[in-house]
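Here is a quick, friendly tour for anyone opening this entry for the first time. Take a look at the picture, and then we can walk through it together.

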Amino acid sequence: MATTSRRSLHALLGGGAVADVVLWRRRNVSAAAVAGATAVWFLFERAGYSFPSVMANALLLLVAILFFWAKSASLLNRPLPPLPKLEVSDVVVEKAADRALVWINKVLAVGHDIAIKRDRSVFIKVILILWVVSYIGMLFNFLTLIYIGVMFSLLVPPLYEKYQDHVDEKIGMAHSVLSRHLDTIISKTGESTKQKKTE
């Protein structure tokens with residue numbers, strides 16, 4: 001049964017190279033990803049560099065290298081730098097637009113459920129999620145939140161894969177408790193609105 005759950009988690013994560021990295025099946029690549037994310041976070045957060053200045057300096061260095069390589073290649077009769085064709089295809093743009101459209105429609109559907117259908121359960125869930133995001137956003141800046149997200153995405157899935165049965169049991173218990181509390185809140189808000197209407 002453990003092998004079936006591991007396969008399903010690997011398949012859930014895409015089943016390819018990314019899933020192998022996230023589940024630490026390619027330990028060197030996973031460790032390099034953690035080290036790289038930590039180095040980038042340290043560079044921008046602790047060393048005081050800003051993203052635009054680092055990108056501008058890196059591009060300046062790249063352009064200078066390519067320019068001098070091309071000039072020296074023409075003088076020394078050497079081949080030009082091997083650059084791929086630098087353009088974005090229509091297929092890539094259409095795929096990105098289709099994915100963005102799905103997410104935008106989901107957000108608009110939630111807004112429709114809250115505003116038109118007056119679905120209290122969706123309204124309360126959205127308020128709770130936005131409050132949690134706002135609270136976490138007050139504790140950390142954006143770059144640190146991205147770093148924490150990358151670390152969680154690289155460290156939590158292998159632990160979940162190892163202890164999947166225990167985690168599923170605890171999450172199920174927490175979900176049932178939270179659902180009961182949410183149902184209580186929704187029923188109380190429904191009673192208070194009915195009382196106001198009768199008054």
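Before we talk about helices and the loops between them, a word on terms: helices here are DSSP runs of H or I with at least four residues, numbered from the N terminus. Keep in mind, too, that this is a predicted model.

With that settled, what does the chain hold in the way of helices and strands? There are eight helices and zero strands. Reading along the sequence, you get the pattern α-α-α-α-α-α-α-α.

Now for the overall form. The radius of gyration of the chain is 25 Å, while a compact globule of 199 residues would come out near 16 Å. Measured out along the principal axes, the C-alpha atoms would need a box of roughly 90 × 45 × 40 Å. Just 14% of the 199 residues count as buried. The chain exposes about 16100 Å², and 69% of that comes from carbon and sulfur atoms. As for contacts with a separation of 6 or more, 50% of them join residues 24 or more positions apart.

What about charge? The chain has 23 positive and 15 negative charges, and their mean positions are 4 Å apart.

Next, the record. An unreviewed UniProt entry carries the annotation "transmembrane region" for residues 28–44, 50–70 and 126–150. Two of these spans can be set side by side:

| Span | Distance between end C-alpha atoms | Helix | Strand |
|---|---|---|---|
| Residues 28–44 | 24 Å | 100% | 0% |
| Residues 126–150 | 24 Å | 92% | 0% |

Let's zoom in on a few residues, starting with W24. Where is W24 found? Look in the loop between α2 (17–22) and α3 (27–46). The phi of W24 is near 60 degrees, a positive value in a residue other than glycine. Most residues other than glycine have a negative phi.

L66 belongs to helix α4, which covers residues 51–76. Is L66 buried or partly exposed? Buried would need a relative accessible area under 20%, and L66 has 23%, so L66 is partly exposed. If you skip the neighbours within four places in sequence, L66 is in contact with P81 and L83. D168 is another matter: L66 and D168 are 102 residues apart in sequence and 53 Å apart in space, C-alpha to C-alpha.

P157 sits in helix α7, residues 142–162. P157 counts as buried because its relative accessibility is 15%, and the cut-off for buried is under 20%. Which residues is P157 in contact with, leaving aside neighbours within four places in sequence? They are L9, L13, V22, L23 and F152. One of these, V22, falls within α2 (17–22). For a sense of distance, P157 and W41 are 116 residues apart in sequence, with 21 Å between their C-alpha atoms.

Key: Residues numbered from 1 in each chain as written. Predicted model: local features only at pLDDT ≥ 70, side-chain atom pairs only at ≥ 80, totals over all residues. Heavy atoms only, no water. Helix = DSSP H or I, 4+ residues; strand = E, 2+ residues; numbered from the N terminus. Rg over C-alpha atoms; globule rule 2.2 N^0.38 Å. Buried < 20%, exposed > 50% of the residue type's maximum accessible area, 1.4 Å probe, protein only. Contact = heavy atoms within 4.5 Å. Areas by Shrake-Rupley, 256 points an atom, 1.4 Å probe, with all protein chains shown as cover. Lys, Arg positive; Asp, Glu negative; His and termini not counted. Charge placed at Lys NZ, Arg CZ, Asp CG, Glu CD. UniProt positions renumbered as here; feature names shortened; annotations may be inferred.
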